[in-house]
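This report describes the fold, the core and some backbone details of one protein chain. The sequence and structure come first.

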Amino acid sequence: MRSSRTVVTFLSTLVVALAATLTVAGPAQAAPVFKAPFPCNQRWTYSHHSAEVRLALDFVRADGGTTAGTPVLASAAGTAFRYYQADGAGNYIVIDHGGGWKTYYFHLAAFSVAHGAWVGQGQQIGTTGSTGNSSGAHIHYEQLYNGVGQNIVINGWSLAPYPGYYNQKYLTSDNGCGGGTAFWTWGSGVRVRTDAYLSAPTVTTLAGPTLVHVLCQKQGDWVTADGYTNNWWSRLRDQNGFITNIYIDHPAAQLPGVPVC
Ligand SMILES: [Zn+2]
């Protein structure tokens with residue numbers, strides 16, 4: 001009797017584990033679509049000096065505005081953590097985006113979010129300053145994968161090769177412009193519908209992985225496909241319709257940092 005009860009317990013544990021796996025909405029994820037760490041339409045210049053850590057870039061404004069005090073924005077959604085290092089990074093924030101990806105923002109004058117807060121892409125996390133080991137106001141920015149600094153990629157474009165001085169290369173931000181949060185889709189033949197229901201007419205079909213901008217999300221019909229089950233749907237800016245969140249390349253059933261429609 002004892003051994004058979006053990007088997008039953010084991011099986012029910014297995015079923016729970018399988019159910020948990022099935023509610024996850026996507027395969028192993030690619031890098032988030034990172035945006036510039038400063039506000040919409042601002043133009044900043046960047047450089048990587050010889051004593052720089054990892055593959056960081058330093059950013060200062062190049063559009064006539066003042067660097068000090070300008071909002072620092074989350075370049076993708078995630079969980080923000082606050083730290084202080086007197087002889088180095090000063091006030092700094094680390095955002096954990098999941099999937100092994102993190103971004104760093106150093107030398108902040110002030111924090112704008114609580115330790116451990118969820119932040120959406122484009123949300124202000126602090127203000128630009130010169131705290132710690134810094135000779136002037138700038139944003140020191142990094143993208144790390146499994147703890148290793150990577151060449152910085154913004155909107156899918158690499159900023160490498162890095163310039164050694166300012167005013168050679170520039171980046172204009174589209175972060176926080178109100179155009180939705182960028183994600184990649186996966187799968188092929190993914191139908192975009194007029195509403196979050198399987199009976200709604202098809203607007204268009206995504207042939208393969210596509211960069212989409214999600215304006216908001218809502219609950220609609222339950223969909224089971226490719227081993228996943230989910231009833232959240234995303235409204236796409238450019239396709240003007242909804243797709244099931246199953247085909248958004250993010251592990252959460254309900255996407256973090258995206259408002260409900
Ligand atoms: Zn730096």
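## Overall make-up

The protein contains 1 helix and 20 strands. The model is predicted. Of its 261 residues, 34% count as buried. Among contacts between residues at least 6 apart in sequence, 64% join residues that are at least 24 apart.

## The nonpolar core

The largest nonpolar core has 49 residues. Within this core, A74, I93, Y105 and I125 have the most contacts. Strand 6, residues 101-108, gives the largest share, with 4 residues. Both domain 1 (43-172) and domain 2 (179-261) supply at least three residues each to this core. In soluble globular proteins, nonpolar side chains tend to be buried together.

Y105 can be followed further through its contacts. Apart from neighbours within four places in sequence, Y105 is in contact with P37, V72, Y92, I93, I125, G126, I139 and Y141. Two of these partners, I93 and I125, are also listed with Y105 among the core residues with the most contacts.

## A three-stranded sheet

One open sheet has 3 strands in the order 3-9-7, and the pairing is antiparallel. Its edge strands are strand 3 (71-73) and strand 7 (110-111), each of which pairs on one side only.

Strand 7 pairs with strand 9 (residues 124-127) in the antiparallel sense, over 2 bridges. F111 has G126 of strand 9 as its bridge partner. G126 is also one of the contacts of Y105.

## Backbone exceptions

Most residues other than glycine have a negative phi, and most peptide bonds are trans. Three sites in this model depart from that pattern, and they are taken in turn below.

The peptide bond between A160 and P161 is cis, with omega about 0 degrees. P161 sits in the loop between strand 13 (157-158) and strand 14 (170-172).

H107 is not a glycine, yet its phi is positive, near 70 degrees. H107 lies in strand 6, which also gives the largest share of the core. Is H107 buried or exposed? H107 is buried, because 25 other C-beta atoms lie within 10 Å and the cut-off for a buried residue is 20 or more.

D226, also not a glycine, has a positive phi of about 50 degrees. Its place is in the loop between strand 18 (211-225) and strand 19 (228-236). D226 counts as exposed because it has 10 C-beta neighbours inside 10 Å, and a residue with 12 or fewer is exposed. The two positive-phi residues thus sit in opposite settings: H107 is buried, whereas D226 is exposed.

Definitions and conventions
Residues numbered from 1 in each chain as written. Predicted model: local features only at pLDDT ≥ 70, side-chain atom pairs only at ≥ 80, totals over all residues. Core = buried A, V, L, I, M, F, W, Y, C linked by C-beta atoms within 7 Å. Domains from an automatic or database assignment. Contact = placed C-beta atoms within 7 Å. Pairing = 2+ DSSP bridges.
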